[in-house]
Amino acid sequence: VGWDTMASAGPERKRARGEQGDGAGAASATESLAHLKTRSVQLTGSQQPGADRGFWLKRTGARAQLYAAGFKDEDFDKPIVTVAAPYMSFIMCNQKFRVLADEVAAELERLGCKAFVSHTPVISDGQTMG
């Protein structure tokens, strides 16, 4: 699902974004995003009906780390989306990428995903600064 289709105002997209008004809530948003959780399941396991219980137990260590980072039980049912941003605190031209990454992460969370913000390496030789 692309950002352009998620931004449309149709009732299916409103449900995917977790918007109220037609009786759809957060549970519907999570269910509609389940197809995005293919890789996340490999990281955290799944408790969904028919899921491999042994794999759920095997991924306990990964979930323990995520709990320590602030995950809640319901977060494990959401697709995990990484937001990569070229940010470094002392390079002025990249200062706003941190703010932008936080905004993107907040929107992903509002849509029913669990966002990870990761900062990528940044290189500056001084020539790009003017």
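## Salt bridges around K114 and helix α7

K114 and D75 pair up in a salt bridge, with their closest N and O atoms 3.6 Å apart. That pair ties together distant parts of the chain: K114 sits in strand β2 (residues 114-119), while D75 belongs to the loop between α6 (60-68) and β1 (80-85), 39 residues away. Both partners are buried. Keep in mind that this is a predicted model.

**The salt-bridge network**

- The count for this model comes to five salt bridges.
- K114 has another acidic partner in E109, and here the closest N and O atoms are 3.8 Å apart.
- How buried or exposed are the two ends of that pair? K114 has a relative accessible area of 13%, which is under the 20% cut-off, so it counts as buried. E109 comes out at 32%, between the 20% and 50% limits, and therefore counts as partly exposed.
- Zoom out a little and D75, K78, E109 and K114 turn out to be linked in a network of salt bridges.

**K78, a member of that network**

- Where does K78 sit? You'll find K78 in the loop between α6 and β1, and that loop also holds D75.
- K78 is buried because its relative accessible area, 15%, is under 20%.
- Setting aside neighbours within four places in sequence, K78 is in contact with K37, S40, G112, C113 and K114.

**A salt bridge inside α7**

- R110 and E107 also meet through their side chains, in a salt bridge with an N to O distance of 2.7 Å.
- Both residues lie in helix α7 (residues 95-111), and they are three residues apart, or about one turn of the helix.
- Why do both count as partly exposed? R110 has a relative accessible area of 40%, so it lands between the 20% and 50% limits. E107, at 27%, falls between those limits too and so gets the partly exposed label.

**Helix α7: length and faces**

- Does the length of α7 fit or clash with what its residue count calls for? At 1.5 Å a residue, its 17 residues should span 24 Å, and the end C-alpha atoms are 26 Å apart, which agrees.
- The buried residues in α7 are A101, A105, L108 and L111. Looking down the helix axis, the buried residues fall within an arc of 120°, so they line one face of α7.
- Over on the other side of α7, K96, V99 and E103 are exposed.
- Just past the end of α7, G112 takes a positive phi of about 110°. G112 is also one of the residues in contact with K78.

**The chain as a whole**

- The secondary structure adds up to seven helices and two strands, and along the sequence they run α-α-α-α-α-α-β-α-β.
- Of the 130 residues in the protein chain, 28% are buried.
- Take the contacts between residues at least 6 apart in sequence: 52% of them join residues at least 24 apart.
- The chain exposes about 8,400 Å², and carbon and sulfur atoms supply 56% of that area.

Technical notes
Residues numbered from 1 in each chain as written. Predicted model: local features only at pLDDT ≥ 70, side-chain atom pairs only at ≥ 80, totals over all residues. Heavy atoms only, no water. Salt bridge = Lys/Arg side-chain N within 4 Å of Asp/Glu carboxyl O. Helix = DSSP H or I, 4+ residues; strand = E, 2+ residues; numbered from the N terminus. Buried < 20%, exposed > 50% of the residue type's maximum accessible area, 1.4 Å probe, protein only. Expected span 1.5 Å × (residues − 1). Arc of directions from axis to C-beta. Contact = heavy atoms within 4.5 Å. Areas by Shrake-Rupley, 256 points an atom, 1.4 Å probe, with all protein chains shown as cover.
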